[in-house]
Amino acid sequence: MKYYICDSCHFQFERTGECENCPDCGKECVRESNEAELAEYMKLKKEFNK
Ligand SMILES: [Zn+2]
């Protein structure tokens, strides 16, 4: 599993493969999340699943 973030709208998501387009805004501004962003994403995900 890989974790990505969109530089345009800052939407974060996970994918099993490569990803170039943001599923939220559709722009090709997607890159892999850094450690801080990933930590934030995991935190939100945990709260969302409560
Ligand atoms: Zn986006």
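**Exercise 1.** How many residues lie between strand 1 and strand 2 in their hairpin, and which residue in the turn has a positive phi?

*Solution.* This is a predicted model, where local features need pLDDT of at least 70, side-chain atom pairs count only at pLDDT 80 or more, and totals for chains, interfaces and linings use all residues. Residues are numbered from 1 along each chain as its sequence is written, and side-chain values use heavy atoms, with hydrogens and water left out.

Step 1: Strands are DSSP runs of E, at least two residues, numbered from the N terminus.
Step 2: The hairpin of strand 1 and strand 2 has 5 residues in between.
Step 3: In the turn, H10 has a positive phi of about 60°.

**Exercise 2.** Find the strands that pair with strand 1.

*Solution.* Step 1: Pairing needs at least two bridges found by DSSP.
Step 2: Strand 2 (residues 12–15) pairs antiparallel with strand 1 over 4 bridges. Here I5 is opposite Q12.
Step 3: Strand 3 (residues 30–32) also runs antiparallel to strand 1, with 3 bridges. Y4 faces E32 there, standing opposite.
Step 4: Strand 1 (residues 2–6) is largely enclosed by the rest of the structure, because 4 of its 5 residues are buried (under 20% relative accessible area, 1.4 Å probe, protein chains only; exposed is over 50%, partly exposed in between).

**Exercise 3.** Describe the site of the zinc ion.

*Solution.* Step 1: List the donors (N, O and S atoms within 2.8 Å of the metal, 3.2 Å for Na, K and Ca). The SG atoms of C6, C9, C22 and C25 coordinate the zinc ion at 2.3 Å.
Step 2: Read the spacing, C-x2-C-x12-C-x2-C.
Step 3: Check the angles. They span 105 to 115° among the 4 donor atoms, and the site is tetrahedral (four donors, all angles between 85 and 135 degrees).
Step 4: Compare exposure. C22 is buried at 3% relative accessible area; C25 is partly exposed at 34%.

How values were computed:
Four donors count as tetrahedral if all angles lie between 85 and 135 degrees; four count as square planar and six as octahedral if opposite donors are over 155 degrees apart and all others between 65 and 115; anything else is irregular.
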